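User: I'd like a close look at one part of this model, the salt bridges. Could you walk me through them after a quick word on the surface?

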Amino acid sequence: MSVSREDVLRVAALARLRLTDREAVELRDELAAILEHVERLEQADLADDSGSSRVIEWTVAWAPRPEPDILRVPLSEVAPGWRDGLFVVPRLPALGDPDDGRGL
């Protein structure tokens, strides 16, 4: 299937894309290759392929995690720092020393 430059520009407009002439040509070639591949897939004869409908059963052993689920533990227990119901975040070096009178 051939894709014209106008087709590419129409799709680009629908997608709100601005394409250069070079990008339009590259996209036209890529879309044409994709559509050609899809056409070949449509022509594939799968009537005698018994392997494509085979079901494979997988069993995965499940084991409970040894550590507690972080979603079921109070945040104060897993936070690196906690004070007065808030996270304690390390001070950024760029903000200066809190004791020098310049820091926040």
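How much area does the chain expose, and what share of it do carbon and sulfur atoms supply?

Analyst: The chain exposes about 10100 Å², and carbon and sulfur atoms supply 56% of that (Shrake-Rupley method, 1.4 Å probe). Bear in mind that this is a predicted model: local features need pLDDT of at least 70, side-chain atom pairs count only at pLDDT 80 or more, and totals for chains, interfaces and linings use all residues. Residues are numbered from 1 along each chain as its sequence is written, and side-chain values use heavy atoms, with hydrogens and water left out.

Now the salt bridges (a side-chain nitrogen of Lys or Arg within 4 Å of a carboxyl oxygen of Asp or Glu). The structure holds four, including one between Arg5 and Asp21, whose closest N and O atoms are 2.6 Å apart. That pair links distant parts of the chain, with Arg5 in helix H1 (residues 5-14) and Asp21 in helix H2, 16 residues apart. Helices here are DSSP runs of H or I, at least four residues, numbered from the N terminus. Arg5 is partly exposed at 34% relative accessible area, while Asp21 counts as exposed at 53% (exposed is over 50%, buried under 20%, partly exposed in between; 1.4 Å probe, protein chains only).

Helix H2 also holds Glu26 and Arg22, four residues apart, about one turn of the helix. Their salt bridge has its closest N and O atoms 3.2 Å apart; Glu26 is partly exposed at 38% and Arg22 exposed at 64%.

Then there's Asp29, found in helix H2 (residues 21-43), which bridges to Arg28 at 3.3 Å between the closest N and O atoms. Both count as partly exposed: Asp29 at 44%, Arg28 at 28%.

Technical notes: Helices (H or I, at least four residues) and strands (E, at least two) are DSSP runs, numbered from the N terminus.
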